[in-house]
Structures are given as structure tokens and as C-alpha cells.
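The exercises below concern charged side-chain pairs and one polar side chain. Please work through each task with the sequence and the model open, and then compare your reasoning with the solution.

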Amino acid sequence: MIDQAGILMAQGNRIACERISGINDNMHKNHYHDYYEIYFLESGERHHIMQDSLYTMQPGGLILFSPYILHRSYGDQNVPFKRLVLYFQGSEIDSPELKDALDKGNGMYLLEQKHRHEIHQLLKNLLKEQEDSSIFRLGYLHTLLNMLLFTLIMQEHKEEPLKKEQFNRMQQIIGYIHKHYQEEISLEQLATQFYISPYHLCREFKRHMDCTMVQYLNITRIMNAQRKLMETDLNITQVSLETGFSNLTHFNRVFKSVTGMTPSEYQKKHKNNLCSSD
């Protein structure tokens, strides 16, 4: 499935919305991005893995991902679905308080019927208005977005992630990686920690996450490095040390393999984007 909204964001849009219908269209790898995502399921059923949590979504359900949150979605065999997805940059959020609430509000929401209808309608309006050529289009999109965000964040009906038996051990391992990524972590250490053989850990990790444990650890470290490069005044050497890399050369190589650019190129690009948005 081609992510047209993601393409629009890559082309410089600050807000992008898209509706997609599909069947047996599953993400096989975890991914993350530097913007927010709201996923609203219009029909069907979908499962979402968000870092170390697993959710099952029914029609009318909504899930929120902040930037740099590893996630993927998938469905059961031959179950069609239709969803609306909304991407937006943090610079489009109207207040620091709202942004903070969104960052603390990651997860799935079970909306009351009235608010579900309001948010669904706002999403449809965003989808429609992004095709408008009016000089007021960007301002109107910004207003619609923040109306949606305020409506969402005032909801108190968050759904707890599932605790499926077959996911429990992997959930614990992934949670450990996200909590201790700054430390030295090896396959052998994790195997000992969770009373599993290294061979079995490799096989189960690959089966559940469609990547190796080392690849997932590197992605987690680089994801957090990107946040630190964007949100702190730490230099590149300090960021590499704070994200579990003892060797700057190795950090640069892994960073480029994950993001397609060096840490200095990423930092420069982010600063340029900040200047252009002022």
C-alpha cells in the first residue's frame, strides 16, 4: 500500500490526511516518523503494536502516535478494512500544554458516540480541504486540526493494551529494550534475563517483530538519538553516549543506515526546518 499522506509529508506538507481501504495489507516491520499520527478505523478490524503494547481496534476506534514511537498495524487474514490517517507536524499544535497532553496520551481511544462523530467529521473535512486551492487552505487546515486535537485530548476513555499470552514474553523483552537502550545490551544478556536460549530468542524475536534483536535495538537507539538532536542542546558525541553507543564512528554508521543521513546532516536539516517555519 502506498502511503500518499506520508509522501505529502516528505514533500514538505505540515498536515496530510488520507483514506485507504484494503485487505491483507499488513506492515511487516515496525516504523516511526518525526510527525504525529492519528489513525481512525472506519470499518473492519486492525491490530496495532506500539513499542511494547498490543491493541485491537474496532470500527470507530482511534489511536494516537507521537513522533518517534515505534509501531506497526496488521489485520487478520481476509478481513477488509477502511481507515482515515492524519499526519501533522508538532509545529501545527496551538499550545505547549496541548502538545504535552498529546505526548502523554499515546494509545487507543474508545470515543463516546458524540465525540466519535465529531472527530470523524473533522477528519473527513481535513481530507476534503487539503485538496482546496484557496489562499485560506493552510489556515483552515490548521484550525480543523486543533479543533480535532482539543476534542480528542479531553476524552478520558483510553483503552488498555491487550495481554495476549503469545505476546507476553516478547512484550517484556521489548519493554526492557526501550527502558535500558542507553546501556550495553547483548543477545546473551537478554536470553539470560528472560530465561530463554539465545537461539530461541533470535527465532521468536524475528517471528514477532520481523527484524533481529540487534536491528530493533539499533532502531530504538537511533530513534531516541533523533529526538535528542532535535530537542536538546547536546552535541553529537554526547548524544551517541546517551543512546548506548560507546564508539562515535559506530554511532555515525548506524545512524546513517537507519535514517539515510549522518547525525550532523540530520541536525542541520532540522535546524533549517525550524528556521523556515518561524
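Lys-99 is partly exposed at a relative accessible area of 31%, where buried means under 20% relative accessible area, exposed over 50% and partly exposed in between, with a 1.4 Å probe and protein chains only. The model is predicted, so local features need pLDDT of at least 70 and side-chain atom pairs count only at pLDDT 80 or more, while totals for chains, interfaces and linings use all residues. Residues are numbered from 1 along each chain as its sequence is written, and side-chain values use heavy atoms, with hydrogens and water left out.

**Exercise 1.** Determine which residue forms a salt bridge with Lys-99, and state where both residues lie.

*Solution.* Begin with the criterion, which asks for a side-chain nitrogen of Lys or Arg within 4 Å of a carboxyl oxygen of Asp or Glu. Lys-99 meets it with Asp-103, the closest N and O atoms being 3.4 Å apart. Next, place the pair: both residues lie in helix H2 (residues 96-104), four residues apart, which is about one turn of the helix; helices here are DSSP runs of H or I with at least four residues, strands are runs of E with at least two, and both are numbered from the N terminus. Finally, consider accessibility, where Asp-103 counts as partly exposed at 25%.

**Exercise 2.** Describe the salt bridge between Asp-100 and Lys-104, and classify the accessibility of Asp-100 and of Lys-104.

*Solution.* The N to O distance between these side chains is 3.1 Å, and the two residues are again four apart within helix H2. Asp-100 has a relative accessible area of 38% and is therefore partly exposed, whereas Lys-104 reaches 65% and counts as exposed.

**Exercise 3.** Explain what separates Arg-227 and Glu-231 along helix H8, and give the total count of salt bridges by the rule used here.

*Solution.* Because Arg-227 and Glu-231 are four residues apart in helix H8 (residues 213-231), about one helical turn separates them. Their side chains meet in a salt bridge at 3.5 Å, N to O, and the count by this rule comes to five.

**Exercise 4.** Is Asn-106 buried or exposed, and which backbone atoms lie by its side chain?

*Solution.* Asn-106 lies in the loop between H2 and strand S8 (107-109), and at 15% relative accessibility this residue counts as buried. A polar atom of its side chain lies 2.5 Å from the backbone nitrogen of Ser-66, and the backbone oxygen of Asp-103 lies 2.9 Å from a polar atom of the Asn-106 side chain.

Definitions and conventions:
A polar contact is a pair of N or O atoms within 3.5 Å; within protein, one must be able to donate a hydrogen and the other to accept it, and residues adjacent in sequence count only if both atoms are side-chain atoms.
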